[in-house]
Amino acid sequence: MDGYTVAVLVTDSAPWRSFTLPTADTGPQARSYICANCDEHYHSFDPACTRCRVPQCPDCGRCACPPRTPGRSCPSCFIVHPPAMFAPGSDRCLDCS
Ligand SMILES: [Zn+2]
Ligand SMILES: [Zn+2]
Ligand SMILES: [Zn+2]
């Protein structure tokens with residue numbers, strides 16, 4: 001163009017090139033995990049949990065998140081609250097007492 005040579009530089013695979021092989025680590029690969037709950041060794045393609053990034057164990061169906069604290073049901077409002085919602089010695093939640 002007007003005596004200049006125009007060079008087009010691309011950092012990655014140019015869209016006009018024919019199919020470029022993906023690098024080895026971008027394809028889907030089953031990763032292996034060891035279940036934190038039952039020590040089951042498993043491979044999984046399943047989407048990983050967004051919190052612990054571990055897919056569910058096929059054996060016990062749990063990811064690596066810590067188990068939920070068991071709640072207590074309040075006899076007054078019938079809502080299951082975490083244990084911290086109950087005053088010591090009281091069977092009603094803090095909302096109701
Ligand atoms: Zn398991
Ligand atoms: Zn999880
Ligand atoms: Zn209550």
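The chain in this predicted model has four strands and zero helices. Read from the N terminus, its elements follow the order β-β-β-β. Burial is scarce here: 4% of the 97 residues in the chain are buried. Contacts that span much of the sequence make up a small share as well, since of those between residues at least 6 apart, 5% join residues at least 24 apart.

A word on confidence before the details. The mean pLDDT of the chain is 82, and 73% of the residues reach at least 70. In the comparison of elements, S1 has the lowest confidence, with a mean of 88, while S2 has the highest, at 92. Where pLDDT is low, it is best not to read the predicted coordinates in detail.

**The hairpin of S1 and S2**

A good place to start is the first pair of strands. Strand S1 covers residues 31-34, and four bridges join it to S2 in the antiparallel sense. S2 itself runs over 41-44. Which residues of S2 face Arg31 and Ile34? Arg31 stands opposite Ser44, and Ile34 stands opposite His41.

Six residues separate the two strands of this hairpin, and Asp39 has a positive phi near 60° there. Asp39 belongs to the loop between S1 and S2. Its phi of about 60° is worth a look, as Asp39 is not a glycine. Most residues other than glycine have a negative phi. Is Asp39 buried or exposed? Asp39 is exposed, because just 10 other C-beta atoms lie within 10 Å and the limit for exposed is 12 or fewer.

**The loop between S2 and S3**

Next comes the stretch that leads from S2 to strand S3, which spans 72-73. Three residues of this loop are described here, beginning with Cys57. Cys57 is buried: it has 22 other C-beta atoms within 10 Å, and the class begins at 20, so the residue qualifies. Which residues does Cys57 contact, once neighbours within four places in sequence are left aside? They are Cys35, Asn37, Cys38, Glu40, Tyr42 and Arg62. Tyr42 falls within the 41-44 range of S2.

Cys49 is also in the loop between S2 and S3. This residue counts as partly exposed because it has 14 C-beta neighbours inside 10 Å, a count between the limits of 12 and 20. Apart from neighbours within four places in sequence, Cys49 is in contact with Val54, Pro55, Cys63 and Cys65.

Gly71 sits in the loop between S2 and S3 too. With 13 other C-beta atoms within 10 Å, Gly71 is partly exposed. Its contacts beyond four places in sequence are Val80, His81 and Pro82. Val80 and His81 are the residues of strand S4, which covers 80-81.

**The loop between S3 and S4**

Cys77 and Phe78 follow each other in the loop that links S3 to S4. Cys77 is exposed, because its 12 other C-beta atoms within 10 Å meet the limit of 12 or fewer. Leaving out residues up to four places away, Cys77 touches Cys93, Asp95 and Cys96.

What sign does the phi of Phe78 have? It is positive, near 60°, in a residue other than glycine. Phe78 is exposed, with 8 C-beta neighbours inside 10 Å.

**Separations along the chain and in space**

Four of the residues discussed above, or their partners, can be set side by side by C-alpha separation.

| Residue pair | Separation in sequence | C-alpha separation |
|---|---|---|
| Cys49 and Ala64 | 15 residues | 8.4 Å |
| Cys57 and Asp46 | 11 residues | 9.7 Å |
| Gly71 and Ala84 | 13 residues | 9.2 Å |
| Cys77 and Cys96 | 19 residues | 7.2 Å |

Cys77 and Cys96 appear both in this table, at 7.2 Å between their C-alpha atoms, and among the contacts of Cys77.

Definitions and conventions:
Residues are numbered from 1 along each chain as its sequence is written. Chains are lettered from A and ligands numbered from 1 in the order in which they are written. This is a predicted model: local features need pLDDT of at least 70, side-chain atom pairs count only at pLDDT 80 or more; totals for chains, interfaces and linings use all residues. Two residues are in contact if their C-beta atoms, placed from the backbone, lie within 7 Å. Two strands pair if DSSP finds at least two bridges between them. pLDDT is the predictor's confidence in each residue, from 0 to 100.
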